[in-house]
Amino acid sequence: MKITLPSSLWRALAALCCTAMAFSLSSCAFFKAKPAAQTTTLHPQADLSQAPASGQPFHVVRRSTSPAMMKITARKQAIQVLPVDLGYLKPMGKTMARMDQGKHGRDPLARRLADYTRARFQQEVNRYAVPKRGNFLTLHLAITEFTPTSPSGNVLRTAAGFFIGPVSLLGGRWTNGVIAVEGEVRDPATGRVVFQFADREADPLTIVSVRSFQPDAFARVIVDQWAKQFAQVAYGPAGATVKDASVVRINPF
């Protein structure tokens, strides 16, 4: 038996879906990761000046104002990226993500991500200058938070989308991954810090995303963005604007 819904009901359902979609795409603050409450690896230093939040891609950007350190950075143009520290990782959040990782937990993913992070940052800074003996500063990176995406949770969310439409996008806040990084650029000869940054990001909102079904795919996307942004900020003039990553991503990968 064919069931025909009244046209008024169809219009109401369409309006609900459109409203949900508009809310999902316009309420970027809902999907944007909150800044880390407190950095854990960055060393306080009197001559470090906090850059204004506007025009910066990271939650924290600090530069040295010491004339002596400025002379050193002018002489040492290259940056050597050291192995990424995982010793400050916070406990993994989101119950579904913990269940997805099973008995091995996130450690294998975190180690693989640390290697990828070091390689991508080195690739980007090498575009400006290649480290050679005596011409480089060192970049110390730490991944301080890493909650993988929950593939099983996103399977359920995708299935729910067939029944509740775009409203299901809101569920991504509880199933998509989060990652945070902190970094310091130091002069290896003196140990003095010349630059600091820290940031925390969540998987960008995508209508159809292959990343949703891979626990660490989102993190590689964010690391790629961080590496490019870091190189632009580190090698750009102080005060230059570097665009932050968008909360919405069209590319499903």
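**Cavities, a pocket and the core**

Four nonpolar residues, one polar and one charged make up the lining of the second largest cavity. The residues in question are Gln56, Arg63, Val233, Pro237, Ala240 and Val242. The space they enclose comes to about 30 Å³, and the structure, which is a predicted model, holds two cavities of 30 Å³ or more. Rolling a probe the size of a water molecule over the atoms is what shows where empty space is left.

Turning to the pockets, the second largest one takes in about 410 Å³ of space. Its lining runs to 19 residues, and Arg63, Thr73, Val194, Phe195 and Ala234 are the ones that lie nearest its centre. By class, that lining splits into 11 nonpolar, six polar and two charged residues. Strands β2 (60-64), β3 and β6 each put at least two residues into the pocket lining, and so do helices α3 and α8. Arg63 turns up twice here: it is among the residues nearest the centre of this pocket, and it also lines the second largest cavity.

Next comes the largest nonpolar core, a set of 36 residues in which Phe121, Leu139, Phe146, Ile179, Phe197 and Phe230 touch the most other members. At least two core residues come from each of α3 (67-75), β3 (78-81), α5 (107-126), β4 (136-147), β5 (178-186), β6 (193-202) and α8 (217-235). Helix α8 is the top contributor, giving nine residues to this core. As for Phe146, its contacts beyond four places in sequence are with Leu89, Met92, Arg106, Leu109, Ala110, Leu113, Val178, Ile179, Asp216, Phe218 and Ala219. Ile179, one of these partners, is itself listed with Phe146 among the core residues that touch the most other members.

Strand β6 is also home to Gln196. Its relative accessible area is 0%, so Gln196 counts as buried. What does the side chain of Gln196 pair up with? One polar contact is made with the side chain of Glu184, at 2.6 Å. In addition, a polar atom of the Gln196 side chain sits 2.7 Å from the backbone oxygen of His43. Both partners reappear in the wider list of contacts: setting aside neighbours within four places in sequence, Gln196 is in contact with Leu42, His43, Leu48, Val60, Val61, Arg62, Gly183 and Glu184. Between the C-alpha atoms of Gln196 and Glu182, which are 14 residues apart along the chain, the separation is 7.7 Å.

Technical notes: Residues are numbered from 1 along each chain as its sequence is written. This is a predicted model: local features need pLDDT of at least 70, side-chain atom pairs count only at pLDDT 80 or more; totals for chains, interfaces and linings use all residues. Side-chain values use heavy atoms; hydrogens and water are left out. A nonpolar core is a set of buried Ala, Val, Leu, Ile, Met, Phe, Trp, Tyr and Cys residues joined through side-chain atoms within 4.5 Å. Buried means under 20% relative accessible area, exposed over 50%, partly exposed in between (1.4 Å probe, protein chains only). Helices (H or I, at least four residues) and strands (E, at least two) are DSSP runs, numbered from the N terminus. Contact means heavy atoms within 4.5 Å. On a 1 Å grid over the protein atoms alone, a cavity is a set of points where a 1.4 Å probe fits but cannot get out, and a pocket is an open set with protein on both sides within 12 Å along at least five of seven lines; lining residues have an atom within 4 Å of a point. Grid points are joined across faces, edges and corners, and a volume is the space filled by probe spheres set on the points. Ala, Val, Leu, Ile, Met, Phe, Trp, Tyr, Cys and Pro count as nonpolar, Asp, Glu, Lys and Arg as charged, and the others, Gly among them, as polar. A polar contact is a pair of N or O atoms within 3.5 Å; within protein, one must be able to donate a hydrogen and the other to accept it, and residues adjacent in sequence count only if both atoms are side-chain atoms.
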